[in-house]
Amino acid sequence: MKFYDFEAEDIRGKMIQMKEYEGKVILVVNTATKCGFTPQYDDLQDLYEKYQGDGLEILDFPCNQFGQTPEGNEEIARVCDARYGIAFTQFSKIEVNGDNALPLYQFLKKEKGFEGLNPEHPFTPMLESMLEHESADYRNTPDIKWNFTKFLIDRQGNVIARFEPTEDIEVVENSIKELLYGKKVDKSDKVLEYNYTTKDTCSTNIKLDLEGNVVRNVVFTGGCNGNLKTIPILVDGWTVEEIEKKCKGITCGRRPTSCADQLAHAVREAYEASKA
């Protein structure tokens, strides 16, 4: 079976077929409302707001098997809305381990087993002690170990990765971006904020972030406003080389150059500065 063959009941009781998410990049998470990891709801909502427009879906499965989600579905939805402004899809409370585990979760665990907790996370020693107390063999079973375990699904329905709750959210985000944009972002790449003022009379200011050679968060201010709304949306996630290839030399009809052409110069200057 594949991911798209499964179904689950959403938090309002409607049955949802996973095939409805075909072609999307999907992050599946088992959550809790009273857990030390519950603040990760903020991180998840941030990811959803940043990447939902590019094809990311987050599927939230509340679970009380670890004793930290005592509420019913209605109260879970209310709490998540009031505290975290959750906009992604929430499902009815489920079990993730044992004979009554949701079939989708049985499938996910079979596809990606447990590979260990992040040794650098401050909660890891406590979790390892608890898990060891429950079962000395816990490292060798694919069971979900705790709340906020995440599974990443690609656009073809393949289970690509499993992230334990102790994994850095930046690692999760970089894996999402690789699936969305087809570009690998090295965790060691630093985000460079760069400001550029165009060299012609339109006086456009360009602000951008650079992760390695991937351009993010482009903002135009000033100038004639001709391209200010469309270009940042189009190029978000492109590499420096892609922007140069598609934007360099474009004219706007008002000036010898254009916002697009100036962007090509800006990203090259930013990239060269980052390597200096």
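**Close-up views of a predicted model**

**Figure 1. Buried residues of helix 3 and the strands they pack against.** In helix 3, which spans residues 103-111, the buried residues are L104, Y105, F107, L108 and K109. The model shown here and in the other views is predicted. The buried residues of helix 3 pack against four strands: strand 3 (25-31), strand 4 (56-62), strand 6 and strand 7 (159-163). For context, the protein has eight helices and ten strands. Of its 276 residues, 50% are buried. Among contacts between residues at least 6 apart in sequence, 62% join residues at least 24 apart.

**Figure 2. F148, a residue with positive phi that is not a glycine.** F148 lies in the loop between helix 4 (124-134) and strand 6 (150-153). Its phi is positive, at about 70 degrees, although F148 is not a glycine. The relative accessibility of F148 is 0%, so the residue counts as buried.

**Figure 3. Helix 1 and helix 5 in contact.** Helix 1 covers residues 40-51 and helix 5 covers residues 169-181; their axes come within 11 Å and cross at roughly 20 degrees. The residues making the contact are D43, L47, K50 and Y51 on helix 1, and I169, V172, E173, I176, K177, L180 and Y181 on helix 5. Angles under 35 degrees count as roughly parallel, and helix 1 and helix 5 are therefore roughly parallel to each other. The crossing in which helix 1 passes helix 5 is right-handed.

**Figure 4. Surroundings of I86 in the loop between helix 2 and strand 5.** Helix 2 comprises residues 73-84 and strand 5 residues 89-90, with I86 in the loop between them. I86 has a relative accessibility of 12% and counts as buried, because the limit for buried is under 20%. Apart from neighbours within four places in sequence, the residues in contact with I86 are Y41, Q45, C80 and D81. The C-alpha atoms of I86 and Y48 are 9.1 Å apart, and these two residues are separated by 38 residues along the chain. C80, one of the contacts of I86, is itself buried at 1% relative accessibility.

**Figure 5. The buried cysteines C63 and C80.** C63 has a relative accessible area of 0% and is buried. C80 also counts as buried, at 1% relative accessibility. A disulfide is a covalent bond between the sulfur atoms of two cysteines. A search of the whole structure finds zero disulfides.

**Figure 6. The buried side of helix 7 and the glycine that follows.** Helix 7 runs over residues 240-247, and V240, I243, E244 and C247 are buried in it. These residues cover an arc of only 100 degrees around the axis, which means that they are on the same side of helix 7. An α-helix has 3.6 residues a turn, so residues three or four places apart point the same way. Just after helix 7, G249 takes a positive phi of about 90 degrees.

**Figure 7. V218 in strand 10 and its distance to K207.** Strand 10 consists of residues 214-222 and includes V218. V218 is buried, with a relative accessible area of 7%. A distance of 5.7 Å separates the C-alpha atoms of V218 and K207, which are eleven residues apart along the chain.

Key. Residues numbered from 1 in each chain as written. Predicted model: local features only at pLDDT ≥ 70, side-chain atom pairs only at ≥ 80, totals over all residues. Heavy atoms only, no water. Disulfide = S-S within 2.5 Å. Buried < 20%, exposed > 50% of the residue type's maximum accessible area, 1.4 Å probe, protein only. Helix = DSSP H or I, 4+ residues; strand = E, 2+ residues; numbered from the N terminus. Arc of directions from axis to C-beta. Axes fitted to C-alpha atoms, helices over the stretch in contact; angles between N-to-C directions. Parallel < 35°, antiparallel > 145°, perpendicular 65-115°, else oblique. Left-handed = near helix turned anticlockwise from the far one by under 90°. Contact = heavy atoms within 4.5 Å.
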